[in-house]
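Thank you all for coming; I would like to walk you through a structure that most of you will not have seen before. Please have a look at it on the screen, and then I will take it piece by piece.

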Amino acid sequence: MRIYAIAVFLFLYVPIGIIVLFSFNAGRHASELKGFSIQWYDKALSNPFVGDAFVTSLIVAFSVAILSSLMGTAAALALQRLKGTPKMLFDGLIYVSVMIPGIVIGIATLVALVTVFDFLNPLLASAWPEGSKPPKLHMGYASVIAAHTLFTMSLVIILVRARIAGMDRALIEASMDLYATPWRTFYQVTLPQIYPAILAGFLLSFTFSFDDFIISFFVAGANTTLPIYIFASIRRGITPEVNAIGTMVLVASLVLLLTAQFLLRKRTQR
Amino acid sequence: MSKSNDDKPITAKKFMKEFHRYQNGSITRRHFLGVTGLGAAMAVMGTAVPSLWSGKANAFGDLGDRLVFSTWPNYQNQVNLDEFSEMTGVNIQLNAFGSNEEMLAKLQAGGTGWDVFVPTNYTISNYVELDLIQELDLSRIPNYDAAANNPKFADPATVNGKVYCVPKNWGTTGFIVNSKKIKSSPKSWKDFFDVTMAAGSGHTILHDYQLTTIGGALCALGYSFNSIDAKELAEAEALLIKSKPHLFAITSDYQPGMRSTDAWMSICWNGDGTQLKNDMPEMEYVIATDGGEIWSDFYAIPKDAPHLEAAYAFINFMQDPYVQARDAAVHGYAPTDARAIALQPDSLGSDPILHPAAELMNGLEFGAAQTLTDPIRAEVMARFKSA
Amino acid sequence: MRADSKPNRWLTAALLAPTSLWFLFMLIFPLIVILIFSFGERAAVGGYAGGFTLEQYANLPSRLKAFQNTMIIAPAGTLISLLVAYPLAYYLALRVDRRYKLLLLVLVIVPFWTSLLVRTYAWIFILGGRGIPTLLELIGIEGVRLINTPGAVLIGIVYGYLPLMVFPIFVSLEKLDKTLLEASSDLGGSPFKTFRQITLPLSMPGIATGCMLVFILLMGEFLIPAFLGGGKVYFIGNALVDLFLQSRNWPFGAAVSVTLVAIMLITVSLYMRMTMRSKTGRDESLM
């Protein structure tokens with residue numbers, strides 16, 4: 001059994017090792033190793049398009065994670081009060097939005113938005129005063145964030161609901177019986193209990209959004225996220241720059257994880 | 001950096017010769033800069049215009065610091081792009097596309113963020129009709145010399161009397177064969193498909209590009225490369241689907257597969273043929289005896305290009321004869337500009353890949369505008385891919 | 001809870017408002033547009049032209065192969081991921097010393113944080129002519145081709161989604177009461193019997209969740225077949241990208257999307273009904 005586990009870990013890490021190894025390749029082609037060099041890190045770090053893509057991905061992922069955890073938690077709390085048809089309707093929508101493949105979300109959003117923009121842009125242009133340039137609606141941050149949030153919001157709802165289901169009801173009722181305001185009950189009793197689920201939802205949403213390619217590919221417009229940049233790099237003939245970017249993302253997330261772990265441990269020790 | 005012939009310390013030919021040596025790695029950058037006088041020239045310019053190397057506001061005006069350039073795989077000399085960035089402070093993001101249809105689809109969906117892209121001759125009238133590209137202000141591209149360009153290749157740039165783009169290169173579409181692996185030396189598209197389904201089974205690449213892939217199949221059946229006849233296309237589709245189990249891949253970026261010798265044969269553009277042959281002498285580029293494509297590519301600016309100033313500066317830079325020759329030295333495609341051709345080594349004049357025999361050239365067709373939007377061709381290609 | 005008083009109803013509505021707006025504009029509206037488009041015609045230059053025709057749906061059989069590929073490789077990939085993941089999750093949950101458990105679990109998840117694109121790219125290289133086939137030639141096995149085959153796509157799939165499978169199974173096994181296992185073996189149950197009668201049924205929620213997650217992602221997969229299938233192993237996702245980004249046939253693309261959504265709804269509903277019948281909690285199976 002242990003040998004099996006080692007084999008699976010090898011399977012998981014050999015490709016990553018190769019990515020890291022080739023990021024230090026002195027040669028131009030990703031297919032042959034030609035000595036050690038950190039030039040590709042230098043190239044990637046000084047390339048403003050990589051920086052742009054990284055910042056775009058961060059902005060999108062953070063917005064998605066914040067929106068999803070706020071709206072998802074609110075909805076999950078409200079849903080436990082809902083009964084009958086409205087509840088079934090919401091359950092159905094949550095279920096459908098988790099289940100629809102990302103590629104369909106991307107395409108449907110693209111098609112719908114292009115249609116809406118084609119309809120609204122001439123109206124805006126004609127309503128706009130002569131001389132000044134009318135605004136033009138187009139794909140961008142808003143469309144990617146909105147499309148990602150559809151999926152991640154439902155994810156948060158599911159997580160938080162599961163947590164609420166396992167929650168100790170007696171505590172809430174006790175709090176209410178003690179005449180605490182609903183807000184206070186929420187803040188002091190409910191929130192601490194569902195907090196792990198919200199945090200998990202936040203992290204999952206962030207990860208999903210940061211790594212998503214297919215939805216962004218259709219609806220990001222001129223905004224290049226990191227996965228879109230990497231996809232374009234691979235298509236134009238990969239250089240070790242992509243390996244360097246991949247390695248840096250990996251190291252950054254490891255550092256974040258270890259820091260979080262460290263802080264959590266420190267807090268629990270106190 | 002406008003270079004005219006009279007302030008050059010060495011002749012143009014010698015410059016390009018040194019440049020080839022530099023590229024082969026037989027001389028160093030320092031030697032190259034020294035011999036060609038470029039080093040001295042740069043030093044002088046550097047002191048005369050101190051801001052020139054500082055990146056931002058300089059002799060080129062404020063161009064911003066970004067340019068998005070969408071082109072084809074293996075179709076530029078990185079040295080040119082780096083030099084442009086170094087001189088102007090404009091960083092270039094390169095996107096590579098494998099078909100004109102993909103470029104069109106992106107532009108039609110809107111919001112590409114592209115500043116300059118490289119369409120092929122037959123697509124330009126479509127782009128104009130769809131209002132997707134800008135009319136060019138030629139006064140902002142002084143390096144472009146209309147008179148020096150071969151009208152056979154440059155003419156598609158002009159639609160309804162307006163100029164929408166300037167020429168990049170011209171070339172042919174044939175196929176490449178790894179002669180170590182395939183001994184029968186196929187000469188025609190018919191041979192190409194026969195070999196694919198026999199001795200070369202599992203090792204052929206077709207393009208992810210309807211024009212060349214369907215065109216090749218049409219030629220193999222004795223039809224026009226450009227056919228949009230439903231019956232002929234149905235036959236071509238049958239041939240493609242029959243050959244599909246014998247393919248290695250369907251991709252327009254076929255160099256990696258050919259280089260790793262996973263693939264032995266591929267539809268190929270002539271310059272890529274030269275690139276492959278330079279590194280692997282066993283590679284043979286073939287212009288098929290039963291037809292094929294002759295084409296020219298252009299630099300164009302999309303309607304909503306976000307960095308217009310940089311786009312013009314870039315196109316102007318790329319039109320410089322030296323820059324063109326330097327580009328061609330790497331990607332192997334012939335310039336359409338006589339000034340650039342004059343700078344190329346004499347040996348290229350007799351190069352069979354660049355200048356095939358006249359009787360072979362006669363069989364080649366320029367792509368036809370209607371193939372770009374023809375629904376049957378689009379659907380045939382899509383069906384073949386999902387077959 | 002005193003749920004039906006008036007201010008509470010307003011609060012409920014307010015809490016649900018943003019989510020409802022999202023469902024309306026980002027889910028229902030786009031799906032309706034796609035549905036309408038699927039009955040339209042392709043415009044002369046590509047894109048969409050209005051009209052009402054069933055032509056697009058009649059053309060669906062021309063993508064049969066893509067549907068078949070997806071419907072075979074997605075479940076197969078899910079199953080293989082499960083078979084690879086289960087022993088690992090079992091080992092991590094029940095056999096590993098507590099001290100290393102978290103570390104090893106993190107090690108399973110870490111690959112997930114490098115871009116899927118980059119990880120899949122690494123496999124192009126490993127499976128390509130200069131990777132494993134060259135190694136095999138060294139030991140005398142020649143002419144092996146891996147890249148651009150269904151096998152390569154399956155490897156990419158298992159590699160890409162293994163952590164998603166390991167994690168929920170680990171969680172359900174972790175919750176398992178170890179005294180049950182001990183009791184079973186004390187009562188003379190063979191290890192196999194213990195596994196079949198206790199461990200496996202109790203880990204079903206995790207299996208159900210993992211399988212569903214992976215299956216849903218695979219049905220819409222585009223990247224892995226695009227990179228490791230070389231245009232030869234074609235999923236519905238690839239057909240869709242092609243229809244929108246090459247042949248620019250929006251109405252047909254819409255029809256294919258609608259069909260894909262319908263297939264998903266049917267298979268996942270059946271699946272959920274099945275897993276629910278096997279007495280696993282609903283919320284748990286969803287997660």
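I will begin with chain A by itself, then turn to the places where chains touch, and end with a pair of helices in chain C.

Before anything else, please keep in mind that this is a predicted model, and that what I say about it is computed from that model.

In chain A the secondary structure comes to eleven helices and zero strands, so that reading along the sequence gives α-α-α-α-α-α-α-α-α-α-α. The radius of gyration of chain A is 24 Å, whereas the globule rule gives 18 Å for 270 residues, and because 24 Å is well over that value, chain A is more spread out than a compact globule. Along the principal axes, the C-alpha trace of chain A spans about 75 × 70 × 35 Å. The domain assignment divides chain A into domain 1, made of residues 1–37 + 241–270, and domain 2, residues 49–238. Taken over C-alpha atoms, the centres of domain 1 and domain 2 of chain A are separated by 29 Å.

Now to the contacts between chains. Between chain C and chain A, 60 residues of chain C are in contact with 58 residues of chain A. On the chain C side, the largest share, 16 residues, comes from helix α1 of chain C, residues 6–37. By class, that side of chain C has 47 nonpolar, nine polar and four charged residues.

Where chain A meets chain B, 13 residues of chain A are in contact with 16 residues of chain B. The elements of chain A that give two or more residues to this side are α3 (48–79), α5 (102–127) and α10 (226–235). The chain A side here divides into seven nonpolar, four polar and two charged residues.

Finally, how do helix α11 (residues 236–245) and helix α12 (residues 250–277) of chain C cross? Their axes come within 8 Å and cross at roughly 155°; because an angle over 145 degrees counts as roughly antiparallel, α11(C) is roughly antiparallel to α12(C). The crossing of α11(C) and α12(C) is left-handed. Among the residues that make the contact are Ile236(C), Leu240(C) and Phe244(C) of α11(C), together with Trp250(C), Gly253(C) and Leu260(C) of α12(C). The residues of this contact between α11(C) and α12(C) divide into nine nonpolar, two polar and no charged.

How values were computed: Residues are numbered from 1 along each chain as its sequence is written. Chains are lettered from A and ligands numbered from 1 in the order in which they are written. This is a predicted model: local features need pLDDT of at least 70, side-chain atom pairs count only at pLDDT 80 or more; totals for chains, interfaces and linings use all residues. Two residues are in contact if their C-beta atoms, placed from the backbone, lie within 7 Å. Helices (H or I, at least four residues) and strands (E, at least two) are DSSP runs, numbered from the N terminus. Ala, Val, Leu, Ile, Met, Phe, Trp, Tyr, Cys and Pro count as nonpolar, Asp, Glu, Lys and Arg as charged, and the others, Gly among them, as polar. Axes are lines fitted to C-alpha atoms, for helices over the stretch in contact, and angles run from 0 to 180 degrees between N-to-C directions. Angles under 35 degrees count as roughly parallel, over 145 as roughly antiparallel, 65 to 115 as roughly perpendicular and the rest as oblique. A crossing is left-handed if the near helix is turned anticlockwise from the far one by less than a right angle, and right-handed if clockwise. Domain bounds come from an automatic or database domain assignment. The radius of gyration is taken over C-alpha atoms; the globule rule is 2.2 Å times the number of residues to the power 0.38.
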